[in-house]
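Let's take a walk through this structure together. We will begin at a single residue and work outward from there.

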2 protein chains.
Amino acid sequence: MTQSIYSNYPPELSAAQQKFLVTAVKDWAIQNGLAVRPSPAIVPAGTDQNGVLATNAPVTLFPSPFPRTCFDEATALQEIYNELYASITCNEEWLGDIVKGLIEVDDFVANLWKVHLAVKKEGYVQNLSLGLFRSDYMAHVSATGDPALKQVEFNTISSSFGGLSARVRQMHAEFLTSPPGPSINYPFHPLLHSEVPPENPAVETLSSGLARAHEAYGVSKSTPALPLCVVFVVQATERNVFDQHALSEQLKKVHNIPVFRVASVDVLEQTFIPSDNSARPLLYRPPHSPESTFEVTTLYLRAFYSPDDHTSSRDWDARTHLERSAAIKCPTVLNQLSGCKKVQQVLAEPTGLDHLSAFLKGVDPSLIERVRSTFAPQYDLSANSKGRELALNPETAMNHVLKPQREGGGNNIYKSDIPGFLQSLPESDWMGWVLMELINPAANAQNVALRNDGEVLRGDVISELGIYGTILWEDTGKILHNNHGGYLLRTKGKEVNEGGVAAGFSSLDGVLLF
Amino acid sequence: MTQSIYSNYPPELSAAQQKFLVTAVKDWAIQNGLAVRPSPAIVPAGTDQNGVLATNAPVTLFPSPFPRTCFDEATALQEIYNELYASITCNEEWLGDIVKGLIEVDDFVANLWKVHLAVKKEGYVQNLSLGLFRSDYMAHVSATGDPALKQVEFNTISSSFGGLSARVRQMHAEFLTSPPGPSINYPFHPLLHSEVPPENPAVETLSSGLARAHEAYGVSKSTPALPLCVVFVVQATERNVFDQHALSEQLKKVHNIPVFRVASVDVLEQTFIPSDNSARPLLYRPPHSPESTFEVTTLYLRAFYSPDDHTSSRDWDARTHLERSAAIKCPTVLNQLSGCKKVQQVLAEPTGLDHLSAFLKGVDPSLIERVRSTFAPQYDLSANSKGRELALNPETAMNHVLKPQREGGGNNIYKSDIPGFLQSLPESDWMGWVLMELINPAANAQNVALRNDGEVLRGDVISELGIYGTILWEDTGKILHNNHGGYLLRTKGKEVNEGGVAAGFSSLDGVLLF
């Protein structure tokens, strides 16, 4: 079933059909903010010096089939996953042990830990943490042919594409249902004409999480009281701004909360903590309204997730400055560190301590087993370990991917590249990497993608499903809010190993459940 | 009052304030479809061969003050103006007399008339006409200093910018009210902080008009019955597509009506009238779904409004083909001709027959006088006429504008250019032009515009208010639907004489009533 559903999907497009669909997608995207700022590859330097141009986000023309059992299971597990990563974040000792194994080999992890230690020394003044998470999966085709849900990674910082993904769903749904009656936007196909992509409340879910934190912050800690706001910390050169604006629009319009954007490089200039206020409120003075001062309840980081945002000691100072403030961080440094691949690998270890049950005390054991069954086999590369053996053997390496601690795509080493890559590194650095068995997606899935330069590519694809969740918790472990909702389907051409949508290597997709 | 309100408006912007506002506008525009496709001046040929790029429509950073009395009066008169132009269109003999005076000097008018005559000879099969009109005005500063509403022109075909204008209103309103409390998006100004631009239901009004015609068409005239649709006839190279999509989205989503776009050059290929059906239904076969056939209830022309869309006999054949069909035309050729400047000038003649009262039989005379008082003095250029005298005298010419019959900007001759221009034409062509006294807008109005290339211009401006109206009528004069709602404020730099927003010479604006 899993294989056969893909065999004649998507339907062929005549030249006229493709032209129509591509025009419809291009126009719909701009009409509805399914957009990105173009890269220099599309608009050469000097052409758009005022930065006004935009283009469609890379999207598939068709929604992709995805097994309903896997989609439902991923959805069902999101809140328990939220709880798991909140619980890990609360266990500084356990997390510290993991981190200590990485400090020697991963400067970025080491510096994040230093931020934590510095703030710990001074004393944290905010006991609430907010997580806007995305758990990413593939539908693994098992030996029996049945699809099984396997986790690719769990994102604890800057989980992106909720805003754009909800719009992709809306676009495909409109194309499938308009005009009324049998849709003629697509050639006939039984799957296309019986299903509409499931509702995608990613924007509502993520912004509700931010709103919940804003509310939980309570009254101003300043005297006299200051107006409260949420701040999005963003990259100065961000091109994926419209994804972020989808959330800030919702916060402003639906939740009536002031939202400001502060570039990571401007943090130290535009925000400050009054030295005479031991509650350490984070104050923001908008450069466009210097006579106004807001108190930041919630910091939503869409920057500081990778070493690229920490190129100078000033960047680390900014990070420490935010971390020591009373603002609720989404995420805290500790929560960010819980997203290390090493954590995922330790949780997945089949022998030794049952960390999963320890972190999910009081949770129904059958639910814990369902979480555990989403883990793909993964290994560290310690001396004489199974991981090292699998990675160095060119034959077994073919079935694996090597991942650094970093979130997001762009840094993974695949298959036959693994042994040579490892041998090029000093052995002492190997502990920075985790070896993961490749998940085996449907072999014959296909789709047609419209890149953000307008090129149309048809071919074999691999899809990755992300489920969004939000959680707000106290450092005691007490949970104030735990919710899930909305999804991302990211589909890439098979010849491409990485999944960075914004870079145009892959596309935002819709879901047709089967 | 009229003058003083402008004296300190808009407030000055610091560099940081301008940077913030410009970024906010650029992003809001793309997030919300307040966009246009860029011209070759912005994106050089060869850079975006797939046509994916978009940019913000040209907009003002601030909404412009506009006298409430003028705005209210323009709104109050729209339905009577709708009725007036429906009534003129029903009087083929009267309109024919006007046209006959232009046939010698205006090929475009002559050819439109030929289309009418050809269809009349065969016999019209559709007795309903739809008008989507826009009446354009300025707030004229009279000698007493009070503002008076003066009509610039009345558009009976392709009245554009309803879709984008509604979004400009939404943008300014959001900037003025968000975050909650005193807005800090703008520097403080009493006018900005006491008023929000009035609601702008242009999209609802215009699409309701189209929906009303679709419904009035009745059942399919084909055997067996075909599904019904609305067709937008558009220019193949249109850059202002998102303005049009705002209407088609509303028709599809709210009115549940199938809408298709047909380029004017494709009309003869994609639509046909079965020769064996004397009811002459217009059938449309979508190239992307050649097995489907729809019957067109309503043709909304966003092309064929200027000679540029009629460059070959094939274009005129297409126009005739549409006109002879059973589809309800928005507009018919006769209705398009009623928008000739000559009609406006004849209506405005202070002596001779009272055409206005004749066309508005049964209408309250005081209401007719209010319509009449919106007319600016205007003249034909016949021998020994007052118009000729005013146009040729360099001193009096300075107070006038010379207009051809064409809708829209780009063809007018202003002030000192008038005498020389006329002298360059054979005298026999002068009858093609109408001389109109210049309306005197507030001398010291200012605003700041963001062009669609991102350049920011501050300076003296002139604003033109357009009010949208829709009317559906029978050729007997019976009115089935008459409605108004929504507006456009178009603001141009004073050094610019023309008002073509799409060309980037001028900007879409908001309205602050005072």
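## A buried polar cluster in chain A

In this predicted model, A:Asp136 is buried, with a relative accessible area of 1%. Which side chains meet that of A:Asp136? One of them belongs to A:Arg134, which joins A:Asp136 in a salt bridge with an N to O distance of 2.7 Å. A:Arg134 counts as buried too, at 3% relative accessibility. Another partner is A:Asn155, whose side chain makes a polar contact of 3.0 Å with the side chain of A:Asp136. With a relative accessibility of 5%, A:Asn155 is likewise counted as buried.

A:Asn155 sits in strand E6 of chain A. That strand spans residues 147-155 and also holds A:Glu153. A:Glu153 is buried as well, its relative accessible area being 6%. The UniProt record, an unreviewed entry, brings these strand residues together under the annotation "binding site", which covers A:Glu153, A:Asn155 and A:Glu407. So the two annotated residues discussed here are buried at 6% for A:Glu153 and at 5% for A:Asn155.

The record has another entry for chain A: residues 229-338 are listed as "domain: Glutathione synthase substrate-binding", again from an unreviewed entry. In the model, this span is 31% helix and 25% strand, and its end C-alpha atoms lie 27 Å apart.

## Salt bridges within the chains

Over all chains, a search of the whole structure finds 40 salt bridges. Here are three within-chain pairs and one that crosses between chains, with their N to O distances.

| Residue | Partner | N to O distance |
|---|---|---|
| A:Arg134 | A:Asp136 | 2.7 Å |
| B:Lys341 | B:Glu153 | 3.1 Å |
| B:Arg372 | B:Asp354 | 3.0 Å |
| B:Lys253 | A:Glu174 | 3.0 Å |

Take the chain B pair made by the side chains of B:Glu153 and B:Lys341, with 3.1 Å from N to O. B:Glu153 lies in strand E6 (residues 147-155) of chain B and B:Lys341 in helix H12 (residues 341-348) of chain B, so this salt bridge ties together parts that are 188 residues apart in sequence. Are these two residues buried or exposed? Both B:Glu153 and B:Lys341 are buried.

The salt bridge between B:Arg372 and B:Asp354, with closest N and O atoms 3.0 Å apart, also links distant parts of the chain, 18 residues apart. B:Arg372 is in helix H14 (residues 365-372) of chain B, while B:Asp354 is in the loop between H12 and helix H13 (355-359) of chain B. B:Arg372 counts as partly exposed at 25% relative accessibility, and B:Asp354 is partly exposed at 34%. Salt bridges can also share partners: in this way A:Glu122, A:Arg280 and A:Arg324 are joined into one network.

## Where chain A meets chain B

How many residues of each chain are in contact across the interface? There are 52 from chain A and 51 from chain B. The size of an interface is often given as the accessible area lost when the parts come together. Here the two chains, A and B, bury about 4000 Å² between them, with 55% of it on carbon and sulfur atoms. A:Gln31, A:Ile184 and A:His288 supply 19% of the area that chain A buries against chain B, more than any other three residues.

Polar links cross the interface as well. The rule finds 4 salt bridges between chain A and chain B, including the one where the side chains of B:Lys253 and A:Glu174 meet at 3.0 Å, N to O. There are also 22 residue pairs in polar contact across the interface of chain A and chain B, both residues at pLDDT 80 or more.

Which elements of chain A each supply at least two residues of the side that touches chain B? They are helix H2 (15-31), strand E2 (55-56), helix H6 (162-177) and helix H8 (241-253). H2(A) gives the most, with 8 residues. By class, this side of chain A has 23 nonpolar, 19 polar and 10 charged residues.

## A long-range contact in chain B

We finish with B:Thr75, located in helix H3 (residues 68-90) of chain B. At 23% relative accessibility, B:Thr75 counts as partly exposed. Leaving aside residues up to four places away in sequence, B:Thr75 touches B:Ile467 and B:His484. B:Thr75 and B:Ile467 are 392 residues apart in sequence, yet 6.5 Å apart in space, C-alpha to C-alpha.

Terms used:
Residues numbered from 1 in each chain as written. Chains lettered and ligands numbered in written order. Predicted model: local features only at pLDDT ≥ 70, side-chain atom pairs only at ≥ 80, totals over all residues. Heavy atoms only, no water. UniProt positions renumbered as here; feature names shortened; annotations may be inferred. Helix = DSSP H or I, 4+ residues; strand = E, 2+ residues; numbered from the N terminus. Buried < 20%, exposed > 50% of the residue type's maximum accessible area, 1.4 Å probe, protein only. Polar contact = N/O pair within 3.5 Å; in protein donor to acceptor, adjacent residues only side chain to side chain. Contact = heavy atoms within 4.5 Å. Buried area = accessible area lost by both parts, 1.4 Å probe. Nonpolar A, V, L, I, M, F, W, Y, C, P; charged D, E, K, R; others polar.
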